[in-house]
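The following account concerns a protein model and its arrangement of strands and helices. Please consult the structure while reading.

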Amino acid sequence: MDEEAKTPTWDLLDLPWEDVLVPHILCYLPLQHLVSLQRIGPSIPKEAFCSMLKDNKVLHSLSMQNCSDWVSDKELLPVIGQNQHLQRVDMSGCAWLTRHSLVAVSLSCMHLQHLGLAHCEWVDSLSLRSLADHCGGLESIDLTACRQLKDDAICYLAKKCLKLRSLSLAVNANITDESVEEVAKNCRGLEQLDLTGCLRVRNQSIRTLAEYCPKLQSLKVNHCHNVTESSLDPLRKRNVVIDVEPPLQRALVLLQDVLGFAPFINLQI
């Protein structure tokens with residue numbers, strides 16, 4: 001075995017955070033490098049996270065995906081309070097936060113454009129209304145599996161945040177046609193909409209979406225059992241990317257038009 005094979009390899013992030021990285025290395029890095037390190041590195045210890053962001057007051061982007069298993073209001077609120085120029089915040093999966101963090105974001109981050117709240121079940125109607133009242137320039141928001149939210153909160157958001165281009169309401173059984181229609185009528189620049197698993201959404205709201213949102217590029221309706229091809233077909237003709245395939249019956253009708261008879265297809269495996 002040669003000498004190179006015996007030499008262990010070390011990564012920067014293998015060094016002790018509290019004793020070496022934070023006091024002797026990270027303090028000399030430009031802020032944008034710190035943010036990139038937080039985004040791509042392993043799960044960051046609480047003390048290191050707080051030390052890195054303690055005196056930073058010029059953040060434009062903050063993602064907590066790598067510290068979602070421990071970050072709480074106590075750690076986050078000071079960071080939000082001193083970084084009022086944040087444009088992008090991702091709190092997805094942060095189970096230990098509460099509605100107070102979202103209210104703090106809405107009150108402090110007037111320039112917010114992108115917000116991730118996927119799987120944050122603590123998001124409620126009052127905190128979302130606060131966001132809508134103060135962050136009218138919001139362009140994208142991920143509300144996947146925010147199970148407390150109902151139509152009233154989504155409709156309020158749609159009426160206040162007219163610049164929305166991307167919205168996810170996936171995995172929310174409380175959302176109905178009322179929310180989708182309000183989004184369609186108010187957010188005319190909508191480009192992406194995720195309704196995966198919204199079991200109460202029906203064809204009528206999809207038709208409204210097609211009528212009012214000419215810029216729509218992507219629609220996800222997988223597991224929306226009340227949405228059928230009759231409402232999706234007009235969107236397909238506009239080349240909107242839809243995550244469910246047309247039903248087999250449609251393919252058979254097309255073949256019949258071409259061949260003059262309906263072909264027999266054995267679907268047994």
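The paragraphs below treat the sheet, then a pair of helices, and then a single serine.

The coordinates belong to a predicted model. Within this model, 8 strands form an open sheet with parallel pairing. Their order across the sheet is β1-β2-β3-β4-β5-β6-β7-β8. At its edges lie β1 (61-63) and β8 (241-242), each of which pairs on one side only. One of the pairings inside this order links strand β4, residues 140-142, with strand β5, residues 166-168. These two strands run parallel and are joined by 3 bridges. I141 has L167 in β5 as its bridge partner.

Attention now turns to two helices. Helix α5 spans residues 73-81 and helix α6 spans residues 99-108. Their axes come within 10 Å and cross at roughly 0°. Because angles under 35 degrees count as roughly parallel, α5 is roughly parallel to α6. On the α5 side, the contact involves D73, L76, L77, I80 and G81. These residues meet H100, S101, A104, V105 and S108 in α6. By class, the residues of this contact divide into 5 nonpolar, 4 polar and 1 charged.

The last stop is S179, which lies in helix α9, residues 177-186. Is the residue S179 buried or exposed? With a relative accessible area of 0%, S179 is buried, because the term applies to values under 20%. Which residues are in contact with S179, leaving aside its neighbours within four places in sequence? They are D151, I154 and C155.

Key: Residues numbered from 1 in each chain as written. Predicted model: local features only at pLDDT ≥ 70, side-chain atom pairs only at ≥ 80, totals over all residues. Heavy atoms only, no water. Helix = DSSP H or I, 4+ residues; strand = E, 2+ residues; numbered from the N terminus. Buried < 20%, exposed > 50% of the residue type's maximum accessible area, 1.4 Å probe, protein only. Contact = heavy atoms within 4.5 Å. Axes fitted to C-alpha atoms, helices over the stretch in contact; angles between N-to-C directions. Parallel < 35°, antiparallel > 145°, perpendicular 65-115°, else oblique. Nonpolar A, V, L, I, M, F, W, Y, C, P; charged D, E, K, R; others polar. Pairing = 2+ DSSP bridges.
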